[in-house]
Amino acid sequence: MRYLIIAFTITISLLVNSCGVYNFTGRSEINAKTFQVNYFQNNAELIEPGIERTFTLELQDIIQNQTNLNLVSQGGELLYEGEIVEYRITPMTATADQRAAQNRLTIAVNVRFVNKNKEDDNFEKRFSFYYDFDANQQLVGSQLSSALDVIFERITQDVFNESLAKW
């Protein structure tokens, strides 16, 4: 009986110690309490009005939803800034009569990340993603909203992973 109690105590202590440093992002604790996302200007050659505001808000949302950091308008310990550098629609596949059957919307965002507490984490990087749609459809209204949702969800998750999760 005594050996059973000792084995049980050792097992419990090992379990408690092994779970102590795990977090869901796969990275050690973030040494910051605040973050700031500056407005991302739209510097692409082809301008789609409003996407810069949508991207800025979605980046703020993903960081707030996946961390316990507080959003501030200035003086944040973590700073995100940059610009939308590409908004392009290109034909992807063709029909037998040399017409586009499918188009691709590609959006690229240049992001500068500054960690005021750990300068080794700073980076400037371009993130991009795409959305394919039928060439017979206009990219407006709900079609455009769906495309932006898919693209910005992927880009913001990539920015989050690069800056905070380190995946």
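A salt bridge here is a side-chain nitrogen of Lys or Arg within 4 Å of a carboxyl oxygen of Asp or Glu. Keep that in mind for the exercises below, and remember that the model is a predicted one.

## Exercise 1: Get your bearings

Work out the order of helices and strands along the protein, then say how much of the protein is buried.

**Solution.**
- Step 1: count the elements. The protein has three helices and six strands.
- Step 2: walk along the sequence. The pattern you meet is α-β-β-α-β-β-β-β-α.
- Step 3: look at burial. Of the 167 residues, 36% are buried.
- Step 4: look at the outside. The accessible surface comes to about 10600 Å², and carbon and sulfur atoms account for 51% of that.
- Step 5: check how the chain contacts itself. Take the contacts between residues at least 6 apart in sequence: 67% of these join residues at least 24 apart.

## Exercise 2: Follow a salt-bridge network

Find which residues are linked with Glu-83 and Arg-112 in a network of salt bridges, and describe the Glu-83 to Arg-112 pair itself.

**Solution.**
- Step 1: name the members. The network links Glu-81, Glu-83, Arg-112 and Glu-124.
- Step 2: zoom in on one pair. Glu-83 and Arg-112 form a salt bridge, with their closest N and O atoms 3.1 Å apart.
- Step 3: place both partners. Glu-83 sits in strand 4 (residues 78–94) and Arg-112 in strand 5 (residues 100–115), so this pair links distant parts of the chain, 29 residues apart.
- Step 4: ask about exposure. Glu-83 counts as buried because its relative accessibility of 14% falls under the 20% cut-off. Arg-112, at 24%, counts as partly exposed.

## Exercise 3: Two salt bridges that involve helix 3

A search of the whole structure turns up eight salt bridges. Compare where the partners sit in two of them: Glu-162 with Lys-125, and Asp-158 with Arg-154.

**Solution.**
- Step 1: take Glu-162 and Lys-125. Their closest N and O atoms are 3.3 Å apart.
- Step 2: locate them. Glu-162 is in helix 3 (residues 141–165) and Lys-125 is in strand 6 (residues 123–134), so the salt bridge ties together parts that are 37 residues apart in sequence.
- Step 3: check their exposure. Glu-162 is partly exposed at 27% relative accessible area, and Lys-125 is partly exposed at 35%.
- Step 4: now take Asp-158 and Arg-154. Their side chains meet at 3.5 Å, N to O.
- Step 5: locate this pair. Both residues lie in helix 3, four residues apart, which is about one turn of the helix.
- Step 6: check exposure again. Asp-158 is partly exposed at 24%, and Arg-154 is partly exposed at 39%.

## Exercise 4: An aromatic pair and its cluster

Decide whether the rings of Tyr-80 and Phe-113 are stacked, tilted or edge-to-face, and whether the two residues are buried or exposed.

**Solution.**
- Step 1: start from the whole set. The structure has six aromatic pairs.
- Step 2: use the angle. The Tyr-80 and Phe-113 rings are 4.9 Å apart, centre to centre, with 50 degrees between their planes. Stacked needs under 30 degrees and edge-to-face over 60, so this pair is tilted.
- Step 3: place the rings. Tyr-80 belongs to strand 4 and Phe-113 to strand 5, and the pair links distant parts of the chain, 33 residues apart.
- Step 4: check burial. Tyr-80 is buried at 1% relative accessibility, and Phe-113 is buried at 1% too.
- Step 5: widen the view. Tyr-80 and Phe-113 form one aromatic cluster with Phe-123 and Phe-127.

## Exercise 5: What surrounds Asn-42?

Describe the surroundings of Asn-42: its place, its burial and its contacts.

**Solution.**
- Step 1: Asn-42 is in strand 2 (residues 41–42).
- Step 2: its relative accessible area is 13%, so Asn-42 counts as buried.
- Step 3: follow the side chain. The Asn-42 side chain reaches the backbone nitrogen of Ala-44 at 3.3 Å.
- Step 4: list the neighbours. Leaving out residues up to four places away in sequence, Asn-42 touches Ile-47, Glu-48, Ile-51, Glu-52 and Ile-84.

## Exercise 6: A nonpolar patch

Identify the residues that make a nonpolar surface patch of about 360 Å², and classify Ile-6 by exposure.

**Solution.**
- Step 1: the patch is made by Tyr-3, Ile-6 and Ile-10.
- Step 2: Ile-6 lies in helix 1 (residues 2–18).
- Step 3: Ile-6 has 40% relative accessibility, so Ile-6 counts as partly exposed.

Key. Residues are numbered from 1 along each chain as its sequence is written. This is a predicted model: local features need pLDDT of at least 70, side-chain atom pairs count only at pLDDT 80 or more; totals for chains, interfaces and linings use all residues. Side-chain values use heavy atoms; hydrogens and water are left out. Helices (H or I, at least four residues) and strands (E, at least two) are DSSP runs, numbered from the N terminus. Buried means under 20% relative accessible area, exposed over 50%, partly exposed in between (1.4 Å probe, protein chains only). A polar contact is a pair of N or O atoms within 3.5 Å; within protein, one must be able to donate a hydrogen and the other to accept it, and residues adjacent in sequence count only if both atoms are side-chain atoms. Contact means heavy atoms within 4.5 Å. Accessible areas come from the Shrake-Rupley method with a 1.4 Å probe; for residues, only the protein chains shown count as cover. Patches are made of residues with over 30% relative accessible area and no salt bridge: like charges are joined within 9 Å, nonpolar side chains (Val, Leu, Ile, Met, Phe, Trp, Tyr) within 5 Å. Rings of Phe, Tyr and Trp (its six-membered ring) pair if their centres lie within 6.5 Å; planes under 30 degrees apart count as stacked, over 60 as edge-to-face and the rest as tilted.
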